[in-house]
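Subject: A structure for you to explore

Hi there,

Here is the structure I promised to pass on to you. Have a look around it first, and then read my notes below.

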Amino acid sequence: MSTTTIEFATEFSQFPAGRYRNDGPFPGEAFRDDILGPRLREFDVVVVNLDGGMGYGSSFLEEAFGGLVRQGKFTAEALHKKLRFRSEEDPSLIDEVWLYIDEAQS
């Protein structure tokens with residue numbers, strides 16, 4: 001089983017913000033399409049370490065993670081098998097991300 005880890009703050013940005021690319025330099029759409037989606041297709045398990053980010057807005061998180069389901073790229077069930085999260089700085093982020101993924105399936 002192949003596994004990879006995305007170190008969010010160093011591989012994407014310490015300052016994620018916005019939903020769409022025209023919202024600024026580090027929106028959820030860019031993270032989903034440029035980093036997360038390709039890793040999910042390449043590896044069996046993707047661990048996302050959310051530590052180091054300076055605040056995650058709901059629009060960013062919903063687009064980055066819930067957008068995978070809304071756009072039909074993955075089902076919520078598939079993501080529960082493939083995705084893992086780490087956040088020692090704010091463990092509540094993990095529950096919030098899963099909420100967006102599960103709500104997008106509905």
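Two strands count as paired if DSSP finds at least two bridges between them. Keep in mind that this is a predicted model.

With that in hand, start at strand S1 (residues 3–7), which pairs with strand S2 (residues 45–49) in the parallel sense, over five bridges. If you look across from Thr5, you will find Val47 of S2 opposite. The side chains of S1 alternate along the strand. Thr4 and Ile6 are buried and point to one face, whereas Thr3, Thr5 and Glu7 point to the other face and are not buried.

Next, please find helix H5 (residues 92–105). Its 14 residues, at 1.5 Å a residue, should span 20 Å, and the C-alpha atoms at its ends are 21 Å apart, which agrees. Which residues of H5 are buried? They are Leu93, Ile94, Val97, Trp98, Tyr100, Ile101 and Ala104. These residues lie on the same side of H5, because they cover an arc of only 155° around the axis. Helix H3 (58–70), helix H4 (76–82) and strand S3 (83–86) are among the elements that cover them.

That brings us to the core. In soluble globular proteins, nonpolar side chains tend to be buried together. Here the largest nonpolar core has 31 residues, and Phe31, Leu36, Phe65 and Leu83 have the most contacts inside it. Helix H2 (28–42), S2, H3, H4, S3 and H5 each supply at least two of its residues. H5 gives the most, with seven residues. Leu83 is a nice one to click on: leaving out residues up to four places away in sequence, Leu83 touches Leu36, Leu40, Val46, Val48, Phe65, Trp98 and Ile101.

Finally, take a look at Ser87, in the loop between S3 and H5. Is Ser87 buried or exposed? Its relative accessibility is 9%, and buried means under 20%, so Ser87 counts as buried. What does the side chain of Ser87 make a polar contact with? The partner is the side chain of Asp51, at 3.3 Å. A polar atom of the Ser87 side chain also lies 3.1 Å from the backbone oxygen of Asp90. Again leaving out residues up to four places away in sequence, Ser87 touches Leu50, Asp51, Leu93 and Ile94. Two of the names in that list, Leu93 and Ile94, are buried residues of H5.

Enjoy exploring!

Best wishes

Definitions and conventions:
Residues numbered from 1 in each chain as written. Predicted model: local features only at pLDDT ≥ 70, side-chain atom pairs only at ≥ 80, totals over all residues. Heavy atoms only, no water. Helix = DSSP H or I, 4+ residues; strand = E, 2+ residues; numbered from the N terminus. Expected span 1.5 Å × (residues − 1). Buried < 20%, exposed > 50% of the residue type's maximum accessible area, 1.4 Å probe, protein only. Arc of directions from axis to C-beta. Contact = heavy atoms within 4.5 Å. Polar contact = N/O pair within 3.5 Å; in protein donor to acceptor, adjacent residues only side chain to side chain. Core = buried A, V, L, I, M, F, W, Y, C linked by side-chain atoms within 4.5 Å.
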